[in-house]
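Reader: I would like to go through this model with you, one question at a time, and hear the reasoning behind each answer.

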Amino acid sequence: MKLLIVEDQVKTGQYLRQGLSEAGFTTELAADGITGQHLALTGDYSLLILDVMLPGRDGWQILQAVRSAGLSIPVLFLTARDAVEDRVHGLELGADDYLVKPFAFSELLARVRSLLRRGSTPQETNLQLADLRLDLIRRRAERNGQRIDLTAKEFSLLELLLRRQGEVLPKSLIASQVWDMNFDSDTNVIEVAIRRLRLKIDDSHEQKLIHTVRGMGYVLEERSS
């Protein structure tokens, strides 16, 4: 799942981005309201996390633009403004939740997951191919009923492969979606991650699901032996 954070305080923005990335989410960060609104209207996000006071356009204006465009994406406000009227105003504009700074990251993460559960359809909470199953809410992976322990990045990588099963994914796309970075041909981070995921997903099973397409990338699919 991809989240957009619009926060002009550099330390706060980086703190949120790192914490949510470590929790298994793909994140994008905008430092001003104009950029944030453009991304919110043109990107494909599962959740928006908006500061209220922003340069260019404030969080309320971004929310108004999002709702006027007919987008029902969940929106969580983060702000130092704790007056009741501010909270009411944000909720009346169509915000889904409101968290006042300073806050505990554990509470933020719980609220993010709650909003994502609320906004998800049943088809989006579980991904499956053959006997491989991924529970997005419980953050649990299983194959043939046996639990597989994955790191946050491995979970994100497997989620991407499952969401786009049957499609050959180039390393550049995997790098941008899972590691939020431009692919560098000199790094072997993608190969290492795929190798570790194969070890957990495929090595103890006769039917292999993760395949290499030489010169193109990787694909998750069932193949007849």
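Reader: Is K101 buried or exposed, and what is its relative accessible area?

Author: This is a predicted model, and K101 is placed in its loop between β5 and α5 (105-119). A residue counts as buried under 20% relative accessible area, and K101 is therefore classed as buried, with a relative accessible area of 16%.

Reader: Which side chain does the side chain of K101 join in a polar contact of 2.8 Å?

Author: Leaving aside neighbours within four places in sequence, K101 is in contact with E7, Q9, D51, L78, T79 and A80. From that group, the side chain that shares the polar contact of 2.8 Å with the side chain of K101 belongs to E7.

Reader: Which strands stand at the edges of the open sheet of five strands, each with a single partner strand?

Author: The five strands of this open sheet follow the order β2-β1-β3-β4-β5, and their pairing is parallel. Each edge strand has a single partner, so one side of it is left without a neighbour in the sheet, and this applies to β2 (26-30) and β5 (97-100).

Reader: What is the average twist from one strand to the next in the sheet with the order β2-β1-β3-β4-β5?

Author: The strands of this open sheet are paired in the parallel sense. From one strand to the next, the twist averages 20°.

Reader: In β5, which residue is the bridge partner of L78?

Author: Strand β4 (residues 75-79) pairs with β5 in the parallel sense, and four bridges connect the two. L78, which is also among the contacts of K101, has as its bridge partner in β5 the residue L99.

Reader: Which strands are the edge strands of the open sheet of four strands, pairing on one side only?

Author: This open sheet has antiparallel pairing and the order β6-β7-β8-β9. The strands that pair on one side only are β6 (126-129) and β9.

Reader: Which residues point one way from strand β8, and which the other way?

Author: In a regular strand, side chains alternate between the two faces of the sheet. In strand β8 (residues 140-143), where all four are buried, R140 and E142 point one way, and the other way point A141 and R143.

Reader: Which residue stands opposite A141 in β8, and which is the bridge partner of A141 in β9?

Author: On one side, strand β7 (residues 132-135) pairs with β8 in the antiparallel sense over four bridges, and the residue opposite A141 there is L134. Strand β9 (residues 146-148) is also antiparallel to β8, joined by three bridges, and in β9 the bridge partner of A141 is I148.

Reader: In the hairpin that β8 and β9 form, which residue in the turn has a positive phi, and of about what value?

Author: The hairpin of β7 and β8 has four residues between the strands, and R139 there takes a positive phi near 55°. β8 and β9 have two residues between them, and the turn residue with a positive phi is N144, at about 55°.

Reader: How do the axes of α7 and α8 lie, and what is the hand of the crossing?

Author: The axes of helix α7 (residues 152-163) and helix α8 (residues 171-178) come within 10 Å and cross at roughly 125°, which means that α7 is oblique to α8. At this crossing, K153, S156, L157 and L160 in α7 meet L173, I174, Q177 and V178 in α8. The hand with which α7 passes α8 is right-handed.

Reader: Which strands does α7 lie across, and at about what angle to β7 does α7 run?

Author: The sheet concerned is the one with the order β6-β7-β8-β9. α7 lies across β6, β7 and β8, and the angle to β7 is about 115°.

How values were computed:
Residues numbered from 1 in each chain as written. Predicted model: local features only at pLDDT ≥ 70, side-chain atom pairs only at ≥ 80, totals over all residues. Heavy atoms only, no water. Pairing = 2+ DSSP bridges. Axes fitted to C-alpha atoms, helices over the stretch in contact; angles between N-to-C directions. Buried < 20%, exposed > 50% of the residue type's maximum accessible area, 1.4 Å probe, protein only. Polar contact = N/O pair within 3.5 Å; in protein donor to acceptor, adjacent residues only side chain to side chain. Contact = heavy atoms within 4.5 Å. Parallel < 35°, antiparallel > 145°, perpendicular 65-115°, else oblique. Left-handed = near helix turned anticlockwise from the far one by under 90°.
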